[in-house]
Amino acid sequence: MNIINNIKDTALIFEGGGMRASYTAGILNNLLENEIYFDYVAGISAGSSHSVNYMSRDIIRAKRSFVDIVLDPDFGGWKSFFKGEGFFRSKYIYEESCFPDAALPLDFGTFMANSAQLRIGAFDRDSGKIRYFAKKDIHEISDLMKIVRASSSLPILMPETYYDGHHYLDGGLAGGIALDIAKKDGFKKFFVVLTREKGYSKEPVKYTGVIKAHYRKYPLVVEALMNRHIVYNQTLEELKQLASDGKAFLVYPEVMSVSNREINYDKLAESYRLGYEQGKRDVPKWKEFLGI
């Protein structure tokens, strides 16, 4: 089986944002329901989960990953954080819940059969650089979910991920929007699903003392966190210019009512509903941009 895609000239990019991805899961599912299938998908942090769910064409898992999962008693919370397992129990969420009888079963066969290129970004703690993983790095489901976990390991809130001889933190440390790799891979057009409202500008990180103390052995992590807002805002400005030139379509949430750490089911379900309804209304605009 080889799954063919119908959008060849445009890169699909999913921004991260923790549980704000409950909203963009609704956007994702409108793409799938309308058979808008990109041949290139890139994501960071929560955007890496979106990328995998999109490529496995799984509408149910896309919603479940950022809404229903919070009802799972093993999902996380402050109790698991103080036990050293993370506010979000990443080992469970990514490496244990992906199997057929678990909470978030992943159709690995469909994922692997999808002909789309994949890029998932994770921040290498010791080199201070982002590493983009590709399909060639994935041989079995354990590889894939370890990579998604690495990309999604939020600083302080979650433990680092050790994989392939390296320690990784959330790819968002290097900015959070995988425009750089899509450009490097030769793309000139971009469809970008963002998790912040239009006009948002990232502020410098707070609690600098805590960060410097926590990562005192890893100055490159501290440096990345201190500079993240600069890189992020520069990327946003570049995207705005691309959009004004007709080379990018930016999907901004009309309203973002949840934080990246939200664990209230009702709030996340409403966030998903709002994203889904926005997507449903905007599909004609998407198709016009994509020429389909």
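**Exercise 1. Find the partner of lysine 240 and describe the surroundings of the pair.**

Step 1. Start with lysine 240 itself: at a relative accessible area of 32%, this residue is partly exposed. Keep in mind as you look that the model is predicted.

Step 2. Now search for an acidic partner. Lysine 240 makes a salt bridge with glutamate 237, and their closest N and O atoms are 3.1 Å apart.

Step 3. Place both residues in the fold. They sit 3 residues apart in helix H10 (residues 219-244), so about one helical turn separates them.

Step 4. Check the partner's accessibility. Glutamate 237 has a relative accessible area of 47%, which makes it partly exposed.

Step 5. Look for salt bridges that share partners: these join Arg131, Lys136, Asp137 and Asp164 into one network.

**Exercise 2. Work out which parts of the chain the salt bridge of arginine 119 ties together.**

Step 1. Identify the bridge. Arginine 119 and aspartate 185 meet through their side chains, with an N to O distance of 2.8 Å.

Step 2. Locate the two ends. Arginine 119 belongs to strand E3 (residues 117-124), while aspartate 185 is in the loop between helix H8 (179-184) and strand E7 (189-193); the pair therefore ties together parts that are 66 residues apart in sequence.

Step 3. Sort each end by accessibility, with buried meaning under 20% relative accessible area. Arginine 119, at 14%, is buried. Aspartate 185, at 29%, is partly exposed.

**Exercise 3. Decide whether lysine 91 and glutamate 96 are buried, partly exposed or exposed.**

Step 1. Look at the pair first: the side chains of lysine 91 and glutamate 96 form a salt bridge, 3.2 Å from N to O.

Step 2. Take lysine 91. Its relative accessibility is 45%, so lysine 91 counts as partly exposed.

Step 3. Take glutamate 96. With a relative accessible area of 36%, glutamate 96 is partly exposed.

Step 4. Put the pair in context: a search of the whole structure finds 18 salt bridges.

**Exercise 4. Describe the setting of serine 56.**

Step 1. Find its place. Serine 56 is in the loop between helix H2 (46-55) and helix H3 (59-64).

Step 2. Judge its accessibility. Serine 56 counts as buried because its relative accessibility is 4%.

Step 3. Look for a polar neighbour. A polar atom of the serine 56 side chain lies 3.2 Å from the backbone oxygen of asparagine 53.

Step 4. List the contacts beyond four places in sequence: serine 56 touches Leu106, Asp107, Thr110 and Phe111.

How values were computed. Residues are numbered from 1 along each chain as its sequence is written. This is a predicted model: local features need pLDDT of at least 70, side-chain atom pairs count only at pLDDT 80 or more; totals for chains, interfaces and linings use all residues. Side-chain values use heavy atoms; hydrogens and water are left out. A salt bridge is a side-chain nitrogen of Lys or Arg within 4 Å of a carboxyl oxygen of Asp or Glu. Buried means under 20% relative accessible area, exposed over 50%, partly exposed in between (1.4 Å probe, protein chains only). Helices (H or I, at least four residues) and strands (E, at least two) are DSSP runs, numbered from the N terminus. A polar contact is a pair of N or O atoms within 3.5 Å; within protein, one must be able to donate a hydrogen and the other to accept it, and residues adjacent in sequence count only if both atoms are side-chain atoms. Contact means heavy atoms within 4.5 Å.
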